[in-house]
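The following exercises are to be solved with the sequence and the three-dimensional structure at hand. Each task is followed by a solution in steps.

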Amino acid sequence: MALSLTFHVLISVLVHLSVVSTAKHSHHHHASPNQQLQQAYHALQTWKKVIYSDPKNLTADWVGPSVCSYTGIFCAPSPSDPNTLVVAGIDLNHGDIAGFLPEAIGLLSDLALIHLNSNRFCGILPSSLANLSLLYELDLSNNRFVGPFPDVVLSLPSLKYLDLRYNEFEGPLPPKLFSNPLDAIFVNNNRLTSLIPRDFTGTTASVVVFANNDFSGCLPPTIARFADTLEELLLINSSLSGCLPPEVGYLYKLRVLDVSYNSLVGPVPYSLAGLGHLEQLNLEHNMFTGTVPLGVCVLPSLLNLTFSYNYISEEEGICKNLTSRGIAVDDRYNCLPDKPLQWSQKVCDAVLDHPIDCYDHECSAMAPLVAPSTAGPSIAPGPSDT
């Protein structure tokens with residue numbers, strides 16, 4: 001996990017310790033409900049009415065006006081008035097709760113975090129979420145939310161951590177997603193299309209996971225605009241085609257790059273030799289040809305190189321024996337002479353007789369000539385670190 005996310009986890013723990021302590025202290029002294037807590041009471045009671053399955057009885061104690069004592073509800077002093085207690089966090093991770101989010105949730109305008117990972121919430125996100133101007137973390141992963149990408153989350157001025165993975169969102173990603181000041185973007189395992197707009201201005205994200213969607217088309221050269229912050233980029237099984245742009249090599253902070261299970265063609269860009277912090281490079285299950293560049297094999301931080309199920313025909317220098325450097329390598333099913341478990345000469349000739357020139361190659365969807373497996377690996381459901 002990127003350094004920024006480690007910091008994010010630390011902040012979450014500190015916030016939770018603070019709000020739990022504050023909530024218990026407040027409950028012990030039976031503080032009178034203020035206007036914010038009265039609004040929270042109304043919002044939570046409205047929400048409880050549209051929860052139709054709660055097998056762990058997490059909301060069973062959502063009774064009465066003392067909302068700070070409710071399971072999964074955390075209170076803290078208001079940032080604008082330390083003497084006023086407000087609902088600052090909701091954490092119902094792994095509750096297996098079924099229901100939907102009502103418009104009344106917008107009354108919880110002091111929320112800093114919402115964690116609803118691994119439930120059965122469904123429907124579309126309410127527009128009233130736009131009222132949550134202090135919201136820092138939003139984790140709705142592993143639920144059953146539907147509809148187009150929820151633009152309402154892009155109107156949250158304080159949001160840094162967005163996790164929408166494992167839902168049923170569909171359609172294109174809005175360009176504004178990449179210009180918002182987010183630190184982490186998880187949208188994998190949905191039904192999204194249209195990857196990165198060619199004219200977007202850049203992003204502040206350190207971790208971006210787009211895997212297991214139906215983006216199709218090429219990865220645009222504008223990916224270079226992630227350079228100043230991006231540390232992990234996962235594009236697994238996203239229906240990408242065309243060549244891997246050399247601009248990927250400009251992402252000088254990358255530690256993890258995974259473009260496996262796509263239909264990428266042409267050579268592995270030599271520019272990847274510029275990724276001095278790269279620890280994991282996964283190119284498997286594509287249609288790469290040509291050489292494994294020497295510059296990639298001598299990357300100082302490299303721990304794992306996977307390029308199986310391609311049509312690579314040459315390894316330069318030390319690339320032939322990376323295990324001697326303690327690097328884990330998977331080079332099966334390529335066209336490497338004198339290596340075991342490679343494609344047949346007939347298959348290799350059929351592919352290598354038609355080399356791809358990436359400078360002339362048009363970006364278009366291409367079906368793999370050989371597809372030993374089309375099922376991409378799964379990305380684990382969202383975290384439950386708090």
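**Exercise 1. A disulfide and its surroundings**

Is Cys 319 buried or exposed? Determine this from its relative accessible area, then describe the disulfide to which the residue belongs.

*Solution.* The model is a predicted one.

Step 1. The relative accessible area of Cys 319 is 4%. A residue counts as buried under 20%, so Cys 319 is buried.

Step 2. The sulfur atoms of Cys 319 and Cys 297 lie 1.9 Å apart and form a disulfide. The cut-off for such a pair is 2.5 Å.

Step 3. The angle about the S-S bond is 115°, and the link of Cys 297 and Cys 319 is right-handed.

Step 4. Cys 297 belongs to helix 3 (residues 294-297), while Cys 319 is found in the loop between strand 21 and strand 22. The two residues are 22 residues apart, and the pair links distant parts of the chain.

Step 5. Cys 297 has a relative accessible area of 0% and is buried.

**Exercise 2. Two further disulfides**

Which parts of the chain are tied together by the disulfide of Cys 243 and Cys 358, and which by that of Cys 335 and Cys 348? State also the handedness of each link.

*Solution.*

Step 1. The count of disulfides comes to four. One of them joins Cys 243 to Cys 358, with an S to S distance of 2.0 Å.

Step 2. Cys 243 is in strand 15 and Cys 358 in the segment after helix 4, so this disulfide ties together parts that are 115 residues apart in sequence.

Step 3. The angle about the S-S bond is -90°, and the link of Cys 243 and Cys 358 is left-handed.

Step 4. Cys 243 counts as buried at 13% relative accessibility, whereas Cys 358 counts as partly exposed at 30%.

Step 5. In the pair Cys 335 and Cys 348, the sulfur atoms are 2.1 Å apart. The torsion about the S-S bond is about -95°, so this disulfide is left-handed.

Step 6. Cys 335 is located in the loop between strand 22 and helix 4, and Cys 348 in helix 4, so the pair ties together parts that are 13 residues apart in sequence. Cys 335 and Cys 348 are both buried.

**Exercise 3. Salt bridges around Lys 339**

Which residue forms a salt bridge with Glu 315? Describe the accessibility of the residues that meet Lys 339.

*Solution.*

Step 1. Side chains of opposite charge can pair when their charged atoms come close. In the whole structure, nine salt bridges are found.

Step 2. Glu 315 forms a salt bridge with Lys 339, and the closest N and O atoms are 2.9 Å apart. Glu 315 is in strand 21 (residues 311-315) and Lys 339 in the loop between strand 22 (328-330) and helix 4 (345-352), 24 residues apart.

Step 3. Lys 339 also meets the side chain of Asp 331 in a salt bridge (2.9 Å, N to O).

Step 4. Lys 339 is partly exposed, with a relative accessible area of 24%. Glu 315 is buried at 8%, and Asp 331 is buried at 15%.

Step 5. Elsewhere, Arg 165 and Asp 163 form a salt bridge, their closest N and O atoms being 2.9 Å apart; both residues are buried. A network of salt bridges links Glu 231, Glu 232, Arg 255 and Glu 279.

**Exercise 4. The two open sheets**

What is the strand order of the open sheet of four strands, and what is that of the open sheet of twelve strands? Identify the edge strands of each.

*Solution.*

Step 1. Strands of a sheet pair through backbone hydrogen bonds, either parallel or antiparallel.

Step 2. The sheet of four strands has the order 15-17-19-21, with parallel pairing. Strand 15 (241-243) and strand 21 are its edge strands, each pairing on one side only. On average, neighbouring strands of this sheet are turned by 15° against each other, direction ignored.

Step 3. Within this sheet, strand 17 (residues 263-267) and strand 19 (residues 287-292) pair over three bridges in the parallel sense. Met 287 in strand 19 is the bridge partner of Val 265. Helix 4 packs on the sheet and touches strand 19 and strand 21; its direction makes about 95° with that of strand 21.

Step 4. The sheet of twelve strands has the order 2-3-5-7-9-11-13-14-16-18-20-22, and its pairing is mixed. Strand 2 (73-78) and strand 22 each have a single partner strand, so one side of each is left without a neighbour in the sheet.

Notes. Residues numbered from 1 in each chain as written. Predicted model: local features only at pLDDT ≥ 70, side-chain atom pairs only at ≥ 80, totals over all residues. Heavy atoms only, no water. Salt bridge = Lys/Arg side-chain N within 4 Å of Asp/Glu carboxyl O. Buried < 20%, exposed > 50% of the residue type's maximum accessible area, 1.4 Å probe, protein only. Pairing = 2+ DSSP bridges. Axes fitted to C-alpha atoms, helices over the stretch in contact; angles between N-to-C directions. Contact = heavy atoms within 4.5 Å.
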